[in-house]
Amino acid sequence: VQLQASGGGLVQAGDSLRLSCTASGRTFSRYNMGWFRQAPGKEREFVATIRESGVNTYYADSVKGRFTISRDNAKNTVYLQMNSLKPEDTAVYYCAADEGSYYSGRYYANHHHYDYWGQGTLVTVSS
């Protein structure tokens with residue numbers, strides 16, 4: 001599957017932004033999806049994950065209550081709604097897909113458990 005992330009941009013602290021990740025192929029509904037981010041000079045960091053059915057979600061503590069992950073399987077798209085953005089949210093955001101049986105949100109917080117990655121979209125939050 002190929003993943004295309006979009007929606008990044010330059011915003012001010014406190015603003016909102018919605019990222020989208022669209023997948024090619026007809027089996028999107030079978031993929032567990034995740035969002036990760038990587039700031040300059042830092043390691044890749046888990047943000048959020050959603051089960052293939054959309055029933056289960058799991059978030060990093062740093063974004064819990066501010067970010068919401070969702071998906072529309074009819075549109076082959078997963079979203080990341082980001083509210084109350086902070087300068088420390090500045091990073092390249094990547095979407096990822098795993099085609100396998102769902103284990104747990106914590107399992108999908110590990111980037112090694114994904115099979116496919118998008119190219120990333122840059123989010124810059126100014127103070």
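**Close-up views of a predicted model**

**View 1. An open sheet of 4 strands, with antiparallel pairing, follows the order 1-3-8-7.** Welcome to this predicted model; the tour begins at its four-stranded sheet. Strand 1 (3-6) and strand 7 are the edge strands, and each of them pairs on one side only. Averaged over this sheet and with direction ignored, neighbouring strands are turned by 15 degrees against each other. As a reminder, strands of a sheet pair through backbone hydrogen bonds, and they do so either in parallel or antiparallel fashion.

**View 2. Strand 7 meets strand 8 in the antiparallel sense, over 6 bridges.** To find your place in this pairing, look for isoleucine 69, which stands opposite leucine 80 of strand 8. Then follow the chain into the loop between strand 7 (67-72) and strand 8 (77-82), where asparagine 76 lies.

**View 3. Asparagine 76 and serine 84 are two loop residues with positive phi.** Most residues other than glycine have a negative phi. Asparagine 76 has a positive value near 55 degrees, although this residue is not a glycine. Serine 84 is not a glycine either, and its phi is positive at about 50 degrees. You will find serine 84 in the loop between strand 8 and strand 9 (91-99). Is each of the two buried or partly exposed? Asparagine 76 is buried because its relative accessible area is 16%, under the 20% limit for that label. Serine 84 counts as partly exposed because its relative accessibility is 42%, which falls between the limits of 20% and 50%.

**View 4. Strand 4 pairs with strand 9 and also with strand 5.** Strand 4 and strand 9 run antiparallel and are joined by 8 bridges. Strand 4 (residues 31-38) pairs with strand 5 in the antiparallel sense too, here over 5 bridges. A handy residue to look for is phenylalanine 36: its bridge partner in strand 9 is tyrosine 94, while in strand 5 its bridge partner is phenylalanine 46. Why is strand 4 described as largely enclosed by the rest of the structure? The description applies because 7 of its 8 residues are buried.

**View 5. Arginine 37 is a buried residue of strand 4.** Its relative accessible area is 5%, so arginine 37 counts as buried. The side chain of arginine 37 is joined to that of tyrosine 93 by a polar contact of 2.9 Å. In strand 5, glutamate 45 is the bridge partner of arginine 37. Both arginine 37 and glutamate 45 will turn up again at the pocket in View 7.

**View 6. Strand 5 takes part in two hairpins, one with strand 4 and one with strand 6.** Strand 5 (residues 45-50) is largely enclosed by the rest of the structure, because 5 of its 6 residues are buried. In the hairpin of strand 4 and strand 5, 6 residues sit between the strands, and glycine 41 in the turn has a positive phi of about 80 degrees. The hairpin of strand 5 and strand 6 also has 6 residues between its strands. There, glycine 54 takes a positive phi near 85 degrees. Strand 5 and strand 6 (residues 57-59) run antiparallel and are joined by 3 bridges. Within this pairing, threonine 49 stands opposite tyrosine 58 of strand 6.

**View 7. The largest pocket has a volume of about 160 Å³.** This pocket is lined by 13 residues, and those closest to its centre are Arg37, Lys42, Glu45, Glu88 and Asp89. What kinds of residue make up the lining? The lining of the largest pocket divides into 8 charged, 3 polar and 2 nonpolar residues. For readers wondering how such spaces are found, rolling a probe the size of a water molecule over the atoms shows where empty space is left.

**View 8. Threonine 121 reaches the backbone of glycine 8 with its side chain.** Threonine 121 belongs to strand 11 (residues 121-126). Is threonine 121 buried or exposed? With a relative accessible area of 9%, threonine 121 is buried. The side chain of threonine 121 comes to 3.0 Å from the backbone nitrogen of glycine 8.

Conventions: Residues numbered from 1 in each chain as written. Predicted model: local features only at pLDDT ≥ 70, side-chain atom pairs only at ≥ 80, totals over all residues. Heavy atoms only, no water. 1 Å grid on protein atoms, 1.4 Å probe; cavity = no way out; pocket = protein on both sides within 12 Å on 5 of 7 lines; lining within 4 Å. Points joined across faces, edges and corners; volume = space filled by probe spheres on them. Nonpolar A, V, L, I, M, F, W, Y, C, P; charged D, E, K, R; others polar. Buried < 20%, exposed > 50% of the residue type's maximum accessible area, 1.4 Å probe, protein only. Pairing = 2+ DSSP bridges. Axes fitted to C-alpha atoms, helices over the stretch in contact; angles between N-to-C directions. Polar contact = N/O pair within 3.5 Å; in protein donor to acceptor, adjacent residues only side chain to side chain.
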